[in-house]
Amino acid sequence: MKVLIIDDSVIMRDILSALISEANYEVITAVDGVQGIQKAIIDKPDLIVLDVEMPKMKGYQACRFLKTDIRT
């Protein structure tokens, strides 16, 4: 199982990555909504943890895109 963490906070990405990795999941990270969408299309995660307030693209915008794009 793959989990994509999209968050602009290094601390939050590190904490979530450590916790999720301990549960034997593969973790992929992205620093903003734009990068997160790109990684979701390429890596096809089973679950996405998405921050709401981020630079370049807010979490709500990224979520809307991910929900409507057939590739994700």
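What pattern does the protein chain follow when it is read along the sequence? The pattern is β-α-β-α-β-α. Good morning, colleagues. The model I am presenting is a predicted one. I shall begin with the overall fold, continue with one helix, and then turn to charged residues and the backbone.

The secondary structure of the protein chain comes to 3 helices and 3 strands. In overall dimensions, the C-alpha trace spans about 30 × 25 × 15 Å along its principal axes. A compact globule of 72 residues would have a radius of gyration near 11 Å, and the protein chain agrees with this, because its own value is 11 Å. Of those 72 residues, 31% count as buried. I would also draw your attention to the contacts. Taking those with a separation of 6 or more, 55% are accounted for by residues 24 or more positions apart.

Let us now consider helix α3, which covers residues 59–68. Which of its residues are buried? They are Gly59, Ala62 and Leu66. These residues cover an arc of only 65° around the axis, so they lie on the same side of α3. The other side of α3 carries exposed residues, namely Tyr60, Arg64, Lys67 and Thr68. As for the partners of the buried residues, they pack against α2, residues 33–43, and β3, residues 47–50.

I turn next to the charged residues. Side chains of opposite charge can pair when their charged atoms come close. How many salt bridges does the structure hold? The structure holds 3.

The pair I shall describe at the outset is Lys56 with Asp32, whose closest N and O atoms are 3.7 Å apart. This pair links distant parts of the chain, the two residues being 24 residues apart. Lys56 sits in the loop between β3 and α3, whereas Asp32 sits in the loop between β2, residues 26–30, and α2. Their surroundings can be set side by side. Lys56 is exposed, with a relative accessible area of 73%, while Asp32 is buried, with a relative accessible area of 6%.

Another salt bridge joins the side chains of Lys58 and Glu53, at 3.2 Å from N to O. Here Lys58 counts as partly exposed, at 37% relative accessibility, and Glu53 counts as exposed, at 51%.

The remaining pair to report is Arg71 with Asp69, where the closest N and O atoms are 2.7 Å apart. Arg71 is partly exposed at 44% relative accessibility, whereas Asp69 is buried, with a relative accessible area of 14%.

Against this background, Arg13 deserves a separate word. Arg13 is placed in helix α1, residues 10–22. Is this residue buried or exposed? At 12% relative accessibility, Arg13 counts as buried, because the cut-off for that term is under 20%. Although buried, Arg13 has no salt bridge. The nearest side chain of opposite charge belongs to Asp7, and it is 5.7 Å away. A salt bridge requires the nitrogen and the carboxyl oxygen to be within 4 Å, which is why the pair does not count as one. Asp7 nevertheless has a part in the surroundings of Arg13, for the side chain of Arg13 reaches the backbone oxygen of Asp7 at 2.7 Å.

What else does Arg13 touch, leaving aside residues up to four places away in sequence? Besides Asp7, the residues touched are Ile5, Asp8, Thr29, Ala30 and Val31. Let me single out Ala30. Arg13 and Ala30 are 17 residues apart in sequence, and their C-alpha atoms are 8.5 Å apart in space.

My last topic is the backbone. Most residues other than glycine have a negative phi. Lys44 has a positive phi of about 50°, although it is not a glycine. Lys44 lies in the loop between α2 and β3, and at 45% relative accessibility it counts as partly exposed. Lys56, already introduced through its salt bridge with Asp32, likewise has a positive phi, near 70°.

To close, I return to three points. The chain follows the pattern β-α-β-α-β-α. Helix α3 has its buried residues on one side and exposed residues on the other. Finally, Arg13 is buried yet has no salt bridge, and its side chain reaches the backbone oxygen of Asp7. Thank you for your attention.

Notes
Residues numbered from 1 in each chain as written. Predicted model: local features only at pLDDT ≥ 70, side-chain atom pairs only at ≥ 80, totals over all residues. Heavy atoms only, no water. Helix = DSSP H or I, 4+ residues; strand = E, 2+ residues; numbered from the N terminus. Buried < 20%, exposed > 50% of the residue type's maximum accessible area, 1.4 Å probe, protein only. Lys, Arg positive; Asp, Glu negative; His and termini not counted. Polar contact = N/O pair within 3.5 Å; in protein donor to acceptor, adjacent residues only side chain to side chain. Contact = heavy atoms within 4.5 Å. Arc of directions from axis to C-beta. Rg over C-alpha atoms; globule rule 2.2 N^0.38 Å.
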